[in-house]
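Let's walk through this model together, from a single residue out to the chains and back to the helices. Keep the structure open beside you as you read.

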Amino acid sequence: MVKNYKKQGGNNMKYALSEILSYHNRTQSELIPILQEVQAKFGYLPGEAMTNVAEFCRVPESKVFGVASFYAQFRFVPLGRKQVKVCRGTACHVRGAPQILAEVERQLGIKEGETTLDMEYTLESVACIGACGLAPCLMINEDVHGRLTPKKIKKLFAVRKRVTQDVR
Amino acid sequence: MSGKTCLVCLGTGCVSAGADQIYEDLRQEVSRLGLSDVTVDFTGCHGCCQCGPIVVVEPEGIFYSQVTTEDVHEIVEFHLRDGKPVKRLFYHDPVTNEAIAHYRDIMFYSKQQRAVLLNCGHINPENIDDYLEAGGYQALRRVLLELHPEQVIDEVKRSELRGLGGAGFPTGKKWEACLKVLGEKKYVICNADEGDPGAFQDRSVLEGDPHSVLEGMIIAGYAVGAKEGYIYVRAEYPLAVKRLQIAIAQARESGFLSKNILSSGFDFDIDIFQGAGAFVCGESTALVLSLEGKRGMPNPLPRPRTTEVGLKDKPTLLNNVKTFANIRWIINKGADWFASIGTEKSKGSAVFSLTGKIENCGLIEVPMGITLREIIFDIGGGIPEGKVFKAVQTGGPSGGCLPASLLNVPVDFDSLTTAGSMMGSGGMVVMDDSTCMVDVARYFLEFTEKESCGQCSLCRLGSSQMLGILRAISEGKGKIEDIDILIELGEAIKIGSLCGLGQSAPNPVITTIRYFRDEYEAHIYEKKCPALVCKDLISYHILPDKCNACMICLRNCPVEAIKGGKKEVHVIDQDKCNRCGVCISVCPKRFSAVECIPGRLIEGGLK
């Protein structure tokens, strides 16, 4: 994954990174906000960036990895363009989230936690997106789709597939 | 204001259902028709998320439910212009099917008693003037200009407010302890790390009335002698973060935050910290470590309380969102007023996210001591689709499942704990007869097993052992002795864990065994899932006399397990079938030929 960035020119990343670091203090208490911004910028935490962050915060690299791997928000591999997050909250669970997840897996041909080969979709499940009134629900990037049934899932991804093909 | 105000709920639930577009359309339509005396505004969560998107027209209080963009034109033209409400969009009572025009008349709202949520759904959370108009920051003014810190704490103590984050520690006591610790620097932290799946009350308060939380925090800062505050909010709540940022900026501008607040000489400022997603960080020492940029693993015992040694080793006051939101009422209306609500040992009100198999999903606030039955059947409107109530789960992954026989238990800290569950932060999930209790127990344990920070062996290893056993039971590989092992292991985990996560992780399993043992036994002895949930213990089956051989299920079956043809009754090959349930969902309603039965079918009989 670091390779990707080398292709684009490591300088790009260095520049973006120094921009993020420029308005932070060099202490460990800034570590999580910095990692959050790095991830917002690159979509994941590139190894090289973490090395730089460790240097900047004056903590060992292992600590940075320790913190990043502890929290669910951080990831070490890039994601697909569309992130499908199936809600597995209690309300969704009792209203049929497992069937929804299974249907999405079938439609996209990937399992939970995987990304499609064309880097279009990443599928994951999340603890609760808080739209319990719409259970069961899922998010595609920032859009929430609620009151789902396996049938609706089929429609959802059928339409989206067509749209992306047209654009191309 | 003489004209009408049209309020669109822009809480996360309604936004998810498309409310932001409705808001835009309403504004456009109103300005297109030149209705100058109509104001269109938005609010935070109105409460009845099931009815979303919600549009309310004040001052009458007309309540429109499940509005779509196509309805906007009708609302504006008929109601806002001509004064004739659109009956079609009224809320319909789930029991009597009667159309109800005003939200005050809807049982969901009329049975509630709101203080924390009073402003939610009625004011624009991004406009400080709305909050001021509703009496906002009066409590702060009174505290800063008239009261000593000791007097503030005394008032909070007399109110007998208990922390609403779950454990119910007396708030006044905590404040007093923090005040008594000597130190130049102290911190106030608002715990908005609402990680329970199925709970959204803290988020709704932050989204609907952020200033009430800020006001409570500033008062707390004054009372304990702190000058800095943090709000630890989940990064998964972008809307709450955004509204908090706006609220903090507005409060600073209006002189309620930062230096020399209201010319009293008191300084206090608040920062937002976005939690990176770890359930265990709801625990106080873990939360503090997380704020310091470390792994959120609770400190080992014996440890000083965070009120003594907290953030950056300084005394730190940590309270839940709703606890802070209550403070202004205690100051404004007095401790006696607050103490008059609720039961003897639990004062005030409780905020719940009522979800699951219930007609009216949503955000509710009820006085302590109300029974579960009143919440579920009066406010919640009962169970949909004519199904039967089976259990209610409170307290999220730390709580337990209570059966129908305990519906008359009053909702307060002690009664719920006695019943084997807990108050928790405010999730309340209702389950009906199509919910499998073994599956629910497995679900919660899956969550806690994943979220265990891993430092206590019993929590880390014990929970995965329990999970393994539960998985085996739900796959039909359960053994007779499994139930006893689960109970023994559960008790051991409770004793052998440092923090609340481990100490309460076995609760869902232990309570489901206590109240629904027969379901576990059906899974183990009969290899059947009575609620038709566990895939390995059910079968799909086509009723020959109902099947019209329409080929729909046959074509849709993802594993090609259905045999048959035109004019040939379809049959499911049980060995190939993976029980995905597609056939039952595609079979046309008028045939309803597919049925799901407990147990595994083999050659026409049960395995």
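**A walk through the model**

Start at B:Ala220, which touches B:Trp175, B:Val188, B:Leu317, B:Asn319, B:Phe324 and B:Ile327, leaving aside residues up to four places away in sequence. Touching, or being in contact, here means that the C-beta atoms of two residues, placed from the backbone, lie within 7 Å. Before going on, note that this is a predicted model, in which local features need pLDDT of at least 70, side-chain atom pairs count only at pLDDT 80 or more, and totals for chains, interfaces and linings use all residues. Residues are numbered from 1 along each chain as its sequence is written, while chains are lettered from A and ligands numbered from 1 in the order in which they are written.

B:Ala220 belongs to a wider network. The largest nonpolar core has 239 residues, and B:Ala220 is among those with the most contacts inside it, together with A:Cys137, B:Val8, B:Ile218, B:Ile219 and B:Tyr232. Such a core is a set of buried Ala, Val, Leu, Ile, Met, Phe, Trp, Tyr and Cys residues joined through C-beta atoms within 7 Å. A residue is buried if 20 or more other C-beta atoms lie within 10 Å of its own, exposed if 12 or fewer, and partly exposed in between, again with C-beta atoms placed from the backbone. Helix α10 (residues 210-224) of chain B gives this core its largest share, nine residues. Helices (H or I, at least four residues) and strands (E, at least two) are DSSP runs, numbered from the N terminus.

Helix α10 also helps to cover the next stop, α11(B): the buried residues of α11(B) are covered by elements including α5 (128-133), α9 (201-208), α10, β8 (228-234) and β10 (266-275) of chain B. Those buried residues are B:Ala240, B:Val241, B:Arg243, B:Leu244, B:Ala247, B:Ile248 and B:Ala251. Seen down the helix axis, they fall within an arc of 165 degrees (taken from the directions from the axis to the C-beta atoms), so they line one face of α11(B). On the other side, B:Ala249 and B:Glu253 are exposed. Just after the helix, B:Gly255 takes a positive phi of about 85 degrees.

Now turn to where the chains meet. Here 41 residues of chain B are in contact with 36 residues of chain A. On the chain B side, α1 (12-16), β12 (349-356), β16 (427-432), α17 (437-451) and α24 (582-586) each supply at least two residues.

Crossing over, chain A has eight helices and four strands, in the order α-α-α-α-α-β-α-α-β-β-β-α along the sequence. Of its 168 residues, 36% count as buried. Several of these lie in α7(A), whose buried residues are A:Ala97, A:Ile100, A:Leu101, A:Ala102, A:Glu103, A:Val104, A:Gln107 and A:Leu108. After α7(A) comes A:Gly109, with a positive phi near 70 degrees.

Finish at A:Glu61, in helix α5 (residues 61-70) of chain A. Is A:Glu61 buried, exposed or partly exposed? With 14 other C-beta atoms within 10 Å, A:Glu61 is partly exposed. A:Glu61 touches A:Met50, A:Thr51 and A:Ala54, not counting residues up to four places away in sequence. A:Thr51 is ten residues from A:Glu61 in sequence, and their C-alpha atoms are 6.0 Å apart.
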